[in-house]
Amino acid sequence: MASGLSAGTALDLGCGEGGDAVWLARQGWRVTAVDVSATALARATERAAAAGLADRIDFQRHDITRSFPVGAFDLVSAQYLQSPAAFRREPVLQAAVRAVTLGGLLLVVDHASVPPWSSADPERPFPTPEQILLSLDLAPPRWRVERLVRASREATGPTGETGPLIDNVVAVRRSGPRAGD
């Protein structure tokens, strides 16, 4: 989804070891990449340095349920912000909404089902793209839905087995000023 966008400023929420942040920086983006794990951020910093992109990525440690990066961004990417631990996702996604600039894009991608090789309950409920959209609490005249789908992709499991993974993809563009602007 981000491959067709003009580079600008990006916020990568839950960046882990920095794969998305490095990819965005290679495409010309200036990236603020955040994660709660100091270990993941150290690995991400090493990965960015090895790619010659350390000057394009600002790695920050945040527990995004308690502190959120400062700024406004052309792209806010929330990829797989799901956890088996207690995690209040809605307030985080609503903070992400507030961080998107006029004309900017919020991209939320997450699991819509259990992987076929998982031992987890296959009947476990996952939100639909429409439920995710509702949780964002958007002011309709200020936002345009660009993508709202449940998509399937082939993936490889931890022991080499392959199968379909189902993801939710929600992309919304800010088409009007932020509240208070």
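**Helices and strands around a mixed sheet**

In the predicted model, helix α3 (residues 89–98) lies across strands β1 (9–13), β4, β5, β6 and β7 (162–174), and runs at about 150° to β5. The buried residues of this helix are R89, V92, L93, A95, A96 and V97. Their cover includes β1, β4, β5, β6 and β7, together with helix α4 (129–135).

The strands named above belong to an open sheet of seven strands, arranged in the order β3-β2-β1-β4-β5-β7-β6 with mixed pairing. Strands β3 (57–61) and β6 (143–156) stand at the edges; each has a single partner strand, so one side of each is left without a neighbour in the sheet. On average, neighbouring strands of this sheet are turned by 15° against each other, direction ignored. In general, the strands of a sheet pair through backbone hydrogen bonds, either parallel or antiparallel.

Both senses of pairing occur here, in keeping with the mixed character of the sheet. The parallel sense is found between β4 (residues 73–79) and β5 (residues 100–111), which pair over six bridges. Within this pair, V76 has L106 in β5 as its bridge partner. The antiparallel sense is found between β6 and β7, which are joined over 13 bridges. Here V145 stands opposite V172 in β7. Strands β6 and β7 form a hairpin with five residues between the strands, and in this hairpin G160 takes a positive phi near 95°.

At the β3 edge of the sheet, a further helix is placed. Helix α2 (residues 38–50) lies across β2 (30–35) and β3, running at about 170° to β3. One residue of strand β3 is F59. Is F59 buried or exposed? With a relative accessibility of 17%, F59 counts as buried, because the cut-off for a buried residue is under 20%. When neighbours within four places in sequence are left aside, F59 is in contact with C15, A21, A33, L41, A44, T45 and A48. Among these contacts are L41, A44, T45 and A48, whose numbers fall in the range of helix α2, residues 38–50. Another contact of F59 is A33, which falls in the range of β2, 30–35. By contrast, the C-alpha atoms of F59 and E123 are separated by 37 Å, the two residues being 64 residues apart along the chain.

Key:
Residues numbered from 1 in each chain as written. Predicted model: local features only at pLDDT ≥ 70, side-chain atom pairs only at ≥ 80, totals over all residues. Heavy atoms only, no water. Pairing = 2+ DSSP bridges. Helix = DSSP H or I, 4+ residues; strand = E, 2+ residues; numbered from the N terminus. Axes fitted to C-alpha atoms, helices over the stretch in contact; angles between N-to-C directions. Contact = heavy atoms within 4.5 Å. Buried < 20%, exposed > 50% of the residue type's maximum accessible area, 1.4 Å probe, protein only.
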